[in-house]
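Reader: I'd like to talk through the aromatic rings in this model. Could you take me through them step by step?

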Amino acid sequence: MAWALKLPLADEVIESGLVQDFDASLSGIGQELGAGAYSMSDVLALPIFKQEESSLPPDNENKILPFQYVLCAATSPAVKLHDETLTYLNQGQSYEIRMLDNRKLGELPEINGKLVKSIFRVVFHDRRLQYTEHQQLEGWRWNRPGDRILDIDIPMSVGIIDPRANPNQLNTVEFLWDPAKRTSVFIQVHCISTEFTMRKHGGEKGVPFRVQIDTFKENENGEYTEHLHSASCQIKVFKPKGADRKQKTDREKMEKRTPHEKEKYQPSYETTILTECSPWPEITYVNNSPSPGFNSSHSSFSLGEGNGSPNHQPEPPPPVTDNLLPTTTPQEAQQWLHRNRFSTFTRLFTNFSGADLLKLTRDDVIQICGPADGIRLFNALKGRMVRPRLTIYVCQESLQLREQQQQQQNQQKHEDGDSNVYHAIYLEELTAVELTEKIAQLFSISPCQISQIYKQGPTGIHVLISDEMIQNFQEEACFILDTMKAETNDSYHIILK
């Protein structure tokens, strides 16, 4: 929480201080972003300015917020009185955030006995990085494939219902909770502040983040879209145990200051209270369509994608011949990614044409998409088919062909060679049933018309084909198929010679 110390200042002094603070917040925009890069209206529309405005003292000093969120981590002692608090966190460590119902008696009666939905985000505090948030997050995804920026430690959390983490939003998690019951959420932040520093020559200060919580109530249609409350706090994330060392360093620096200098700084509080702020402006983060778990059972504790729909039909499998071509346009490449179940990476490959995707090496794709999806995408890009476990070649022998072979056997062998036409049969399961189906498919007949399959053995005996026999066939073995009518019905026996 940005703790505000009320001093008996005159109105003129307060007004002058606000003007100076506002001028100071705008200083350096030309140097950071380039002169004329953004209009003033664009700059003022940024989320950070909305947060600054919302943090000003409200007209009604006795206003009580409906909810209060408390991060169980100590604030830094090296923060001046009128500045927002700063809290240091360790990368990957679980930190508790207590969700407290702070309503007066009779306030918001429509949520009594009902659940509310809260969305947690880790976002940039700096306005310069807010402009390029999408590019920054995509760059982080590239360097850390398969990782998330924000996670919920579900085993340690209490009172949360149906937690969800969308794979397309690495810095966002959401869940339902009952304000009337004890609720504590343990979060983990996996990025560190120095990963987004512009110049890495060693010793640079890490960029600050914000932890923001937006809470919504259910509307008439069962959708959690009606905003109730938002709050946030400023954090910096260090490598494991780095936050403890930084807190200790700040405390030692403050101890060396004179009592007069210490009065200009806030004390370090054991916990951090999130300050009320404006809702996060990215409307796309709010799921306007009801999620299955949010409208039916509330007992699920598994992380889901959060973008499912009860009426969603699974996509049909992609056609075998749907290969990506070098002439494919970026728009067609996006459609190809959707058809082949790579929708998660469409935004990452927004401007990639077919030629761009095909130039990626196996290591490139694995680094971008992670090992599992990377190998699958690489095989799809190269049009690789699954190699069959066994390949055999068969040829159908007819009575006419048999008579010709008996009469002109020597002449055909020496002059024309073998006139039989062979067909390839690819086996995956190596079973007699599969062989029956493949032979029936090859000669356009029903598998029911094939009664038994035999292999001609020594001295012309007929050996019944079994699964074990097929598993011992030699790769690319050649057989001539002879047919023999069954005695009991209209089916046939197949003999492999």
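**Aromatic pairs in the predicted model**

Author: Happy to! This is a predicted model, and a good place to start is F196, which is buried, with a relative accessible area of 4%.

Reader: Is F209 buried or exposed?

Author: Buried means under 20% relative accessible area. F209 has a relative accessible area of 2%, so F209 counts as buried.

Reader: What kind of aromatic pair do F196 and F209 form?

Author: Planes over 60 degrees apart count as edge-to-face. For F196 and F209 the centres are 5.8 Å apart and the angle between the planes is 90°. The pair is therefore edge-to-face.

Reader: How many residues apart in sequence are the parts that this pair ties together?

Author: F196 sits in the loop between β8 (183-189) and β9 (209-218). F209 belongs to strand β9, so the parts tied together are apart in sequence by 13 residues.

Reader: Which residue do ring pairs link with F196 and F209 into a cluster?

Author: Let's stay with these two rings for a moment. Ring pairs join F196 and F209 in a cluster with F124.

Reader: And the pair of Y88 and F238: how many residues apart are they?

Author: This pair is edge-to-face, with 5.4 Å centre to centre and 85° between the planes. Y88 is in strand β2 (residues 86-90) and F238 in strand β10 (residues 224-238). The pair links distant parts of the chain, and the separation is 150 residues.

Reader: Is F238 buried or partly exposed?

Author: Its partner Y88 is buried, at a relative accessible area of 8%. F238 has 22% relative accessibility, and buried means under 20%. F238 therefore counts as partly exposed.

Key. Residues numbered from 1 in each chain as written. Predicted model: local features only at pLDDT ≥ 70, side-chain atom pairs only at ≥ 80, totals over all residues. Heavy atoms only, no water. Phe/Tyr/Trp six-rings, centres within 6.5 Å; stacked < 30°, edge-to-face > 60°. Helix = DSSP H or I, 4+ residues; strand = E, 2+ residues; numbered from the N terminus. Buried < 20%, exposed > 50% of the residue type's maximum accessible area, 1.4 Å probe, protein only.
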